[in-house]
Amino acid sequence: MSDAVPGAVSDVPVVGGVGAAGGVSAAGAGVGPVSAGGAARVCRAPLLLSLVHTSAVLVAGVSLAVTLWTGLEERGVAVAFGVLIGVGELTRWTGAQVREAAPLGAAGALSYALLGADAGRATQHGVAQVVAVVVAAGLLGSVPHIWRGSGRAPDHLARRVLSTGFAAVCFQPLYNQGVFTAWGGPAYALLLIAILALTALCDAVLAAALRHSRTRWPFGPLLRDELRALLGIGSAVCATGAVMALAVAVIGLWALPVFCVPLLLTQLSFRRYAAVRTTYRQTIASLARATEIAGYTPAGHARRVAALSRAVGRDLGLSGRDLTVLEYAALMHDIGQLSLVDPVPAGATAALPAEEQRRIALLGGAVVRQTGVDGAVAVVVERQADPYRQQPVAARIVRTVNAYEEKARDAGPGGPFTALEELRLATAGDYAPEVVEALARVLARDCLTLPSGG
């Protein structure tokens, strides 16, 4: 499972000004404004994305055509695995951003790709039939999700087709030729595990490439997130796929419902964990809104700073827990203003003297510590007003993004451009140059907008 926090600010980067200045041109990053025609141009699907989807469609189409031409081998086995995969897709997790949204469907697809026997009888299905069954079951199970418009069904199905096809290519031709006939016991089990491990690594690279293509975030941190996720639900999927393939080979199709139960329980546990994390995040967001309700900061300010900070953090290569800490600190960066007797006009702390900024930051850190939030969040809030050379990366990001949001909000239609230029001029002493440039890249990124409301 990915480290993105369920219920957190969207991982889709957001840019631009606020309110009336919400329509940001890319001028702040050294390029011209994006016209309506330009927007249509830059929103075109990236090449890699189109290549992956086209490859998946070709593999699926050829597999379906071959299967229709030659007919199904072991129809009962194909139907049983198809039902399993379809049920897995129907129960796909749509409540949060996770690496594997349909673990049961993934385990069923991998198990069918590595199936060599049914109750002691050798199977004869090949790569084309494996892919055809996975495609048909996946499409049927995805219909409700596509109808509701939830999730990225094309990416999900493309990965499923290509990863399952890869596993089947590694196993089925050699098995049907009798290469693995002499393999038995631990050696055969290790073979399946090795193929699954290689498939999981390839799928992780494919998933990171798709996200990189869609978001233009650095590929390295995205791949690191995907590989880290293999230790969670990914390992459970691979283990279940291997166990089901081995069990069906010995006791037949009755093994499928028996060995699905542990994975279903694991999926339920992950959903409960996600619900707890969502509630935790909502609590922090509610605390952050206290300054808005009390009139210390404009409506939506904390949310906008958190969203843009997360995008800048992604651009700088942060991932996992570091992104979570950054988001929480950005949500609560102004909470120290609740201790002020006289509110700062419009909550704009970036224009205050350095000592006053530090005092508010220390008050905010003290409030955060009393809430029981992770101590790392309090450290970022406390140090957001320190000289940038002494700040952790998260504090540098929060300070820069907060200043940008305040300056863009108050500068009128040209606010985003003016704010970014002011930040660049202040990189000698107040703002980290690498953070300002990352902010400029996020602002110039294609097809991005910033919510204008609170």
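Biologist: Which residues does Leu-439 touch, not counting residues up to four places away in sequence?

Modeller: This is a predicted model, mind you. In it, Leu-439 touches Leu-308, Val-312, Thr-400, Tyr-404, Leu-420 and Leu-423.

Biologist: OK, and which members of the largest nonpolar core touch the most other members?

Modeller: Leu-439 is one of them, along with Val-312, Val-368, Val-377 and Tyr-404. That core has 46 residues.

Biologist: Which helices each supply at least two residues of this core?

Modeller: H9 (255–288), H11 (301–315), H12 (321–331), H14 (375–383), H15 (393–410), H16 (415–425) and H17 (433–444). The largest share, 8 residues, comes from H15.

Biologist: What does the second core include?

Modeller: Val-77, Tyr-112, Val-130 and Val-237 are among its 45 residues, and this core is separate.

Biologist: Switching to pockets. How much space lies in the second largest one?

Modeller: About 280 Å³. It is lined by 14 residues, and Gly-82, Ala-132, Val-133, Ala-136 and Ala-137 are the closest to its centre.

Biologist: Which elements give two or more residues to that lining?

Modeller: Helices H2 (47–70), H3 (75–90) and H5 (127–148). H5 gives the largest share, with 6 residues.

Biologist: And what is the lining like by class?

Modeller: 10 nonpolar and 4 polar residues, with no charged ones.

Biologist: Zooming out, how many helices and strands are in the chain?

Modeller: 17 helices and 2 strands. Buried residues make up 52% of the 454 residues.

Biologist: What about the area the chain exposes?

Modeller: About 19400 Å², with carbon and sulfur atoms supplying 65% of it.

Key
Residues numbered from 1 in each chain as written. Predicted model: local features only at pLDDT ≥ 70, side-chain atom pairs only at ≥ 80, totals over all residues. Heavy atoms only, no water. Helix = DSSP H or I, 4+ residues; strand = E, 2+ residues; numbered from the N terminus. Buried < 20%, exposed > 50% of the residue type's maximum accessible area, 1.4 Å probe, protein only. Areas by Shrake-Rupley, 256 points an atom, 1.4 Å probe, with all protein chains shown as cover. 1 Å grid on protein atoms, 1.4 Å probe; cavity = no way out; pocket = protein on both sides within 12 Å on 5 of 7 lines; lining within 4 Å. Points joined across faces, edges and corners; volume = space filled by probe spheres on them. Nonpolar A, V, L, I, M, F, W, Y, C, P; charged D, E, K, R; others polar. Core = buried A, V, L, I, M, F, W, Y, C linked by side-chain atoms within 4.5 Å. Contact = heavy atoms within 4.5 Å.
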